[in-house]
Amino acid sequence: KIVSLLLQCTMLAACMALAGCKTAPLLPPLEPVANVDLQRFMGDWYVIAHIPTFLEKGAYNAVESYQLRVDGSIATTFTFNQDAPDGPLKTYRPKGFVRNTRSNAEWGMQFVWPMQADYVIVHLDREYQQIIMAREQRDYVWIMARKPDISAADYEALTEQVRNMGYQMNLLRRVPHQRSS
């Protein structure tokens with residue numbers, strides 16, 4: 001089981017690294033938010049929609065949890081049920097690193113040492129209830145919220161921001177949040 005997890009994480013890191021090498025249309029750099037209060041940002045974020053990595057395809061009940069460590073790194077726990085609300089529980093624990101300490105909005109996420117994937121917080125509402133985490137390559141994106149559901153108007157506004165960044169919207173998947181009884 002550990003070998004399988006290591007293989008999956010290695011494959012994810014390799015795919016993310018190769019995705020950055022492909023020829024892509026010229027898009028302007030992502031605009032990170034001006035400032036992220038890391039203490040306030042920590043905690044649980046429900047994945048509302050995403051362009052999933054191969055590990056996340058078929059995810060239900062996806063939650064990304066962040067915890068700030070004393071050394072400044074971010075302990076991350078990503079959990080979801082695979083392929084059904086009551087499917088097998090998957091858990092991944094990448095380590096986050098703040099790359100830009102002026103804004104705290106640009107991170108490196110390490111699934112396998114020494115490779116780090118870029119993650120940029122491009123939207124964060126004033127109440128710290130909704131975010132968009134994007135990547136410069138426009139290959140993956142995550143719309144997340146503090147609750148498992150958001151209003152239709154908020155969802156439309158957030159997906160419009162994703163569209164305006166140059167993402168392929170046909171790849172965006174709404175993540176179902178329903179717990180089995």
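# Exercises on a predicted model

D118 and R135 are both buried, where buried means under 20% relative accessible area, exposed over 50% and partly exposed in between (1.4 Å probe, protein chains only). The structure is a predicted model, in which local features need pLDDT of at least 70 and side-chain atom pairs count only at pLDDT 80 or more, while totals for chains, interfaces and linings use all residues. Residues are numbered from 1 along each chain as its sequence is written, and side-chain values use heavy atoms, with hydrogens and water left out.

## Exercise 1. Salt bridges

Task: State which residue forms a salt bridge with D118, and place both partners in the chain.

Solution.

Step 1. The criterion is a side-chain nitrogen of Lys or Arg within 4 Å of a carboxyl oxygen of Asp or Glu. A search of the whole structure on this basis finds 5 salt bridges.

Step 2. The partner of D118 is R135, and their closest N and O atoms are 3.0 Å apart.

Step 3. D118 belongs to strand β7 and R135 to the loop between β8 and β9; the pair, 17 residues apart, links distant parts of the chain. Strands (E, at least two residues) and helices (H or I, at least four) are DSSP runs, numbered from the N terminus.

Task: Compare the burial of R138 and E136, which also form a salt bridge.

Solution.

Step 1. The closest N and O atoms of R138 and E136 are 3.7 Å apart.

Step 2. R138 has a relative accessible area of 10% and is therefore buried. E136, with a relative accessible area of 33%, is partly exposed.

## Exercise 2. Helix α3

Task: Check whether the length of helix α3 agrees with its number of residues.

Solution.

Step 1. The expected span of a helix is 1.5 Å times one less than its number of residues.

Step 2. Helix α3 comprises 13 residues (residues 152–164), so a span of 18 Å is expected; the end C-alpha atoms are 18 Å apart, in agreement.

Task: Determine which residues of α3 are buried, and how they are arranged around the axis.

Solution.

Step 1. The buried residues in α3 include Y155, L158, T159 and V162.

Step 2. These residues cover an arc of only 95° around the axis, and therefore lie on the same side of α3. The arc is that of the directions from the helix axis to the C-beta atoms.

Step 3. The exposed residues A153 and N164 are carried on the face turned away from the buried side of α3.

Step 4. After α3 comes G166, whose phi is positive, near 100°.

Task: Describe the salt bridge within α3 and the exposure of its partners.

Solution.

Step 1. R163 and E160 meet through their side chains in a salt bridge (2.5 Å, N to O). Both lie in helix α3, 3 residues apart, about one turn of the helix.

Step 2. R163 is partly exposed, at a relative accessible area of 37%; E160 is also partly exposed, at 33% or below, namely 31%.

Step 3. Elsewhere, salt bridges that share partners join D118, R135 and D139 into one network.## Exercise 3. Aromatic pairs around F41

Task: Classify the ring pairs that F41 forms with Y66 and with W107.

Solution.

Step 1. Rings of Phe, Tyr and Trp (its six-membered ring) pair if their centres lie within 6.5 Å; planes under 30 degrees apart count as stacked, over 60 as edge-to-face and the rest as tilted. By this rule there are 8 aromatic pairs.

Step 2. For F41 and Y66, the centres are 5.6 Å apart and the planes stand at 35°, a tilted pair. Because F41 lies in helix α2 and Y66 in strand β2, this pair ties together parts that are 25 residues apart in sequence.

Step 3. For F41 and W107, the ring centres are 5.5 Å apart and the planes at 75°, so this pair is edge-to-face. W107 lies in strand β6, so its pair with F41, in helix α2, ties together parts that are 66 residues apart in sequence.

Step 4. F41 counts as buried at 0% relative accessibility, and W107 at 1%.

Step 5. F41, W45, Y66 and W107 form one aromatic cluster.

## Exercise 4. The nonpolar cores

Task: Identify which residues touch the most other members of the largest nonpolar core, and which element gives the most to it.

Solution.

Step 1. A nonpolar core is a set of buried Ala, Val, Leu, Ile, Met, Phe, Trp, Tyr and Cys residues joined through side-chain atoms within 4.5 Å.

Step 2. The largest nonpolar core has 30 residues, of which F41, Y66, W107, I121, L124 and M133 touch the most other members.

Step 3. Elements giving two or more residues to this core include α2 (38–41), β1 (43–51) and β2 (59–68). The most, 4 residues, come from β7.

Step 4. A second, separate core has 18 residues, among them L30, A49, I132 and I143.
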